[in-house]
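Reader: I am new to this structure and would like a close look at one part of it. Please start from a single residue and work outwards.

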Amino acid sequence: MFFSSLPRLEALVYATLILFVTKGTSIAQNSHHEPKPVIPIYSDEAVWGNTVDAFRQGTGLGGFRAIPNFSYVLGKPENPDYNTSVSLGRGGSLTLSHRRDGQIVCFVNNPQDYDLEVITPPRNYDVNVAEDISISISLDPAGLSWKELGTFSSDMFPDGVLRIDLGDVLSGYHVRITDPPNGRKHKSAPGEEIEGVRLRWPCLDVS
Ligand SMILES: [Ca+2]
Ligand SMILES: [Ca+2]
C-alpha cells in the first residue's frame, strides 16, 4: 500500500514545492491578490464535484434535459449516458466545486500528469455530432478571479472523459463549464451534457 502510492506522493510533494517557490514570486509581484499556499490531500481517493455553485441553462433544448436534475452532476457518475446528465444548452454554463466539511477543496497542478476530468456521455450516444465546451477555473475560493483553460471538442475524447492539464496555473478551486457562443452544437440538444467533474489532485488551504 505504502510503496504502491509512492510515485503519486512524490509527484504531489514536487507540486507543493513548486507551489511554494512560485507563490513567493507571485505575491511579490502582485500584492493585490495574495493566494494562500495550499497543501495536497494525501489520499488515493478521487474527489468528485459535490456542489453546484452556479448554473445558467442556455436555450434551444426544447424538452430535452430542460429541467436539470443536479444530482446527475454530483459525485461519481455511475453509468454515464444522456439520461443521467445536465445539458448546458446554447450559451449555458455550470460551475461546480468539491466541498468537505463546508470548506471548498482546491486542486493543484501535478507537473507530471493531467489534473481535471470532466465526464460527459460517451460519443456513441450523440449520433456523431461533436460539441465544444470551454473550461475555466477560479484561482481563489471566493471565485473572484478566473483563468480559461481552453475550448475542447467532444470528438477529441470519444470515451466521454475530457482530461485537462492546468498548464501554467498552479492551483484552482471552482470548475466552470461553458457552451462557447461559436462552438459546435447538436441541433436538437445544443450544449454538452455534463455528468461530473473529478479533481485528481485535491488540496486544502494552509490557514
Ligand atoms: Ca498537470
Ligand atoms: Ca448536447
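Is Val73 buried or exposed, and how many other C-beta atoms lie within 10 Å of it?

Author: Val73 is buried, because 26 other C-beta atoms lie within 10 Å. The scale behind that word has three steps: a residue is buried if 20 or more other C-beta atoms lie within 10 Å of its own, exposed if 12 or fewer, and partly exposed in between, with C-beta atoms placed from the backbone.

Some ground rules come before the rest. The model is predicted, and local features need pLDDT of at least 70, side-chain atom pairs count only at pLDDT 80 or more, and totals for chains, interfaces and linings use all residues. Residues are numbered from 1 along each chain as its sequence is written, while chains are lettered from A and ligands numbered from 1 in the order in which they are written.

Val73 sits in the loop between strand 3 (51-56) and strand 4 (86-87). Strands here are DSSP runs (E, at least two residues), as helices are (H or I, at least four), and both are numbered from the N terminus. The C-alpha atoms of Val73 and Val52 are 8.2 Å apart, although 21 residues separate the two in sequence. Val52 is also one of the contacts of Val73 once neighbours within four places in sequence are left aside; the others are Gly49, Val86, Leu94, Leu96, Ile194, Glu195 and Gly196. A contact means that two C-beta atoms, placed from the backbone, lie within 7 Å.

The same loop between strand 3 and strand 4 also holds Gly60. Gly60 counts as partly exposed, because it has 19 C-beta neighbours inside 10 Å. With neighbours within four places set aside, Gly60 is in contact with Gly89, Arg90 and Pro190. Gly60 and Gly191 are 131 residues apart in sequence, yet their C-alpha atoms are 8.9 Å apart.

Two of the contacts of Val73, Leu94 and Ile194, lead to the largest nonpolar core. A nonpolar core is a set of buried Ala, Val, Leu, Ile, Met, Phe, Trp, Tyr and Cys residues joined through C-beta atoms within 7 Å. The largest one has 28 residues, and those that touch the most other members are Leu94, Phe107, Val118, Ile177 and Ile194. Several elements each give two or more residues to this core, including strand 5 (93-100), strand 7 (116-119), strand 12 (175-178) and strand 14 (196-199). Strand 6 supplies the largest share, four residues. Outside its neighbours within four places, Val118 is in contact with Ile135, Leu162, Ile164, Ile177, Ile194 and Val197.

Another contact of Val73, Gly196, points to strand 14. Both faces of strand 14 are covered: Gly196 and Arg198 on one side are buried, as are Val197 and Leu199 on the other. In a regular strand the side chains alternate between the two faces of the sheet.

Strand 14 belongs to an open sheet of four strands in the order 2-14-7-10, with antiparallel pairing. Strand 2 (47-48) and strand 10 (161-164) are at the edges with a single partner strand each, so one side of each has no neighbour in the sheet. Two strands are said to pair if DSSP finds at least two bridges between them. Strand 2 and strand 14 meet this with two bridges, and Val47 has Leu199 of strand 14 as its bridge partner. Strand 7 is joined to strand 14 by four bridges, with Leu116 partnered by Leu199. Four bridges also join strand 7 to strand 10, where Ile119 has Val161 as its partner.

Asp101, in the loop between strand 5 and strand 6, offers a contrast in setting. Asp101 is exposed, because 5 other C-beta atoms lie within 10 Å. The phi of Asp101 is near 55°, a positive value in a residue other than glycine. Most residues other than glycine have a negative phi.

For the whole protein, there are one helix and 15 strands, and buried residues make up 36% of the 207 residues. The average pLDDT (the predictor's confidence in each residue, from 0 to 100) is 81, and 75% of the residues score at least 70. Helix 1 (residues 6-29) has the lowest mean pLDDT of the elements, 43, and strand 12 has the highest, 98. Residues 1-7 have pLDDT below 50 and, beyond near neighbours in sequence, one contact in the model. Residues 9-31 are also below 50, with 29 such contacts.
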